[in-house]
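Here is a friendly walk through one chain, from its overall layout down to single residues. Have the structure open in your viewer as you read.

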Amino acid sequence: MSADNPASGELATSRLLEQLMQIARTSALEEMASGFAHELNQPIGAIATFAQAAERMLSRPEPMTAQALDVLRHISNEALNAGQGIRRIRKLFNDAAVARTNCAMSDVIAELMPVLELLASRAGARLEMVIDEALPAIAVDRLRIQHVLYTLVQNSLEAPRPTQRPARVRVEVTGDRYAVTTAVIDNGVGLSTEARAQLFRPFFTTKDQGTGLGLASSRAIVEAHEGAIGCDDVEGGGARFWFRLPAAIS
C-alpha cells in the first residue's frame, strides 16, 4: 500500500494513537504508585515513630501488660515493613531507563500532527503551529515526549472558555543552542492561583471526570529527560503550558 494512500495514513495515525494511549495508561499507573507512596509514607512514618515511642514508655517500670507491648511491637514492625514496600515500588518506577534518540522536535511533532488535528477537529477548535527554524537536536524518548504534547494539547482543547470565544490552541516551539521549549497556549478563561499551584500534583484535577494523572505523568517524563515543565497566565485570558528539554550533546 502506497504511503500516499489515505488508508495508509489513517492506519499510521491509529497506531500512533494506540501507542500514546498505552503510554498514558503506563504513566498513569506510575504516577498513581508515586502518589500513593507520597501520601502514605508520612503517616506510616508517624505510626512507626509513635508506636516505638509508646513501646519505650510502656517498657518503663509502670503499670502495663505484656499483651499491650506485643501489640505495639506488631504495629511498629508492620508500619516499617509497609514503608519499605512503598519505597521499593517507587524505586522500580524511578529507576526505569528512558530510551533516547537524537532527533528534531519538529519531527516529533510532525509524527503526532494527524492525532492532534483529529483532537482539534473533534473539539471544533483551530490548531495553530509555529516552529522556529534551526533548533538544536534533542535526545528524547519520542513516544513519551509525544505523550506529553498530546496531554497538553488535549487539556488546552478542554479548557473552559467564554461561550462567545471560538476555541483556539497554538503550539509554539522555540529555543536556543542550550534547550528547546514547546508551549501550548489556549484562549480559555485561565487558571486560578490555587489551581496553578497544584496542577502537577498527582490526583489534582479541575475536571469533573479527570483523574489528575495526566499533568503529573507529563512532569515525571519531562524531568526524567532533565527538562522542566510549567504553566503561565496569558494576557487577555488563557493559559500557556510549556516544557523545556535540553539540547542533545553533540
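## Loops, sheet and helices

Let us begin in a loop: Ala134 sits between S2 and strand S3 (138-140). Please keep in mind that this is a predicted model. The phi angle of Ala134 is near 60°, which is a positive value in a residue other than glycine. Is Ala134 buried or exposed? With a relative accessible area of 83%, Ala134 is exposed, because the cut-off for that class is over 50%.

Glu226 can be read in a similar way. This residue lies in the loop between H6 and S6, just after H6, where it takes a positive phi of about 60°. Glu226, too, is a residue other than glycine. Its relative accessible area is 55%, and Glu226 is exposed.

Now for the whole chain. It holds six helices and seven strands, and along the sequence they follow the pattern α-α-β-α-β-β-α-β-β-α-α-β-β. Of the 250 residues, 36% are buried. The accessible surface is about 14500 Å², and carbon and sulfur atoms account for 54% of that. Among contacts with a separation of 6 or more, 71% are made by residues 24 or more positions apart.

### The sheet

Which strands make up the open sheet, and in what order? There are five of them, arranged S2-S4-S5-S7-S6, with mixed pairing. Strand S2 (126-131) and S6 are at the edges with a single partner strand each, so one side of each has no neighbour in the sheet. On average, neighbouring strands here are turned by 15° against each other, direction ignored. As general background, side chains in a regular strand alternate between the two faces of the sheet.

Three of the strand pairings are set out below.

| Strand pair | Sense | Bridges |
|---|---|---|
| S4 (residues 168-175) and S5 | antiparallel | seven bridges |
| S5 (residues 179-186) and S7 (residues 239-246) | antiparallel | seven bridges |
| S6 (residues 228-233) and S7 | antiparallel | six bridges |

Individual residues help to fix the register of these pairings. Between S4 and S5, Glu172 has Ala183 in S5 as its bridge partner. Moving on to S5 and S7, Ala179 stands opposite Pro246 in S7. For S6 and S7, the bridge partner of Asp232 is Arg240 in S7.

S6 and S7 also form a hairpin, with five residues between the two strands. In that turn, Gly236 has a positive phi of about 90°.

### Two helices in contact

Next, look at helix H4 (residues 142-157) and helix H6 (residues 214-224). How do they pack against each other? Their axes are 9 Å apart and the packing angle is about 145°. The crossing of H4 and H6 is left-handed.

On the H4 side, the contact is made by Arg144, Ile145, His147, Val148, Thr151, Leu152 and Asn155. These meet Gly214, Leu215, Ser217, Ser218, Ile221 and Val222 in H6. Sorted by class, the contact of H4 with H6 has six nonpolar, six polar and one charged residues. A general point is useful when reading such lists: an α-helix has 3.6 residues a turn, so residues three or four places apart point the same way.

Within H6, Leu215, Ala216, Ser217, Ser218, Ile221 and Val222 are buried. Leu215 and Ile221 are thus residues to find twice, once among the H6 residues that meet H4 and once among the buried residues of H6.

### Two alanines in helices

Two alanines complete the tour. Ala48 belongs to helix H1 (residues 6-58). Where does Ala48 stand, buried or exposed? Its relative accessible area is 4%; Ala48 is therefore buried, as the cut-off is under 20%. Leaving aside neighbours within four places in sequence, Ala48 is in contact with Ser76, Ala79 and Leu80. From Ala48 to Glu78 the C-alpha to C-alpha distance is 8.4 Å, with their positions 30 residues apart in sequence numbering.

Ala123 has its place in helix H3 (residues 105-123). With a relative accessible area of 40%, Ala123 is partly exposed. Ala123 and Ala167 are 44 residues apart in sequence, yet their C-alpha atoms are 8.1 Å apart in space.

Methods:
Residues are numbered from 1 along each chain as its sequence is written. This is a predicted model: local features need pLDDT of at least 70, side-chain atom pairs count only at pLDDT 80 or more; totals for chains, interfaces and linings use all residues. Side-chain values use heavy atoms; hydrogens and water are left out. Two strands pair if DSSP finds at least two bridges between them. Helices (H or I, at least four residues) and strands (E, at least two) are DSSP runs, numbered from the N terminus. Buried means under 20% relative accessible area, exposed over 50%, partly exposed in between (1.4 Å probe, protein chains only). Contact means heavy atoms within 4.5 Å. Accessible areas come from the Shrake-Rupley method with a 1.4 Å probe; for residues, only the protein chains shown count as cover. Axes are lines fitted to C-alpha atoms, for helices over the stretch in contact, and angles run from 0 to 180 degrees between N-to-C directions. A crossing is left-handed if the near helix is turned anticlockwise from the far one by less than a right angle, and right-handed if clockwise. Ala, Val, Leu, Ile, Met, Phe, Trp, Tyr, Cys and Pro count as nonpolar, Asp, Glu, Lys and Arg as charged, and the others, Gly among them, as polar.
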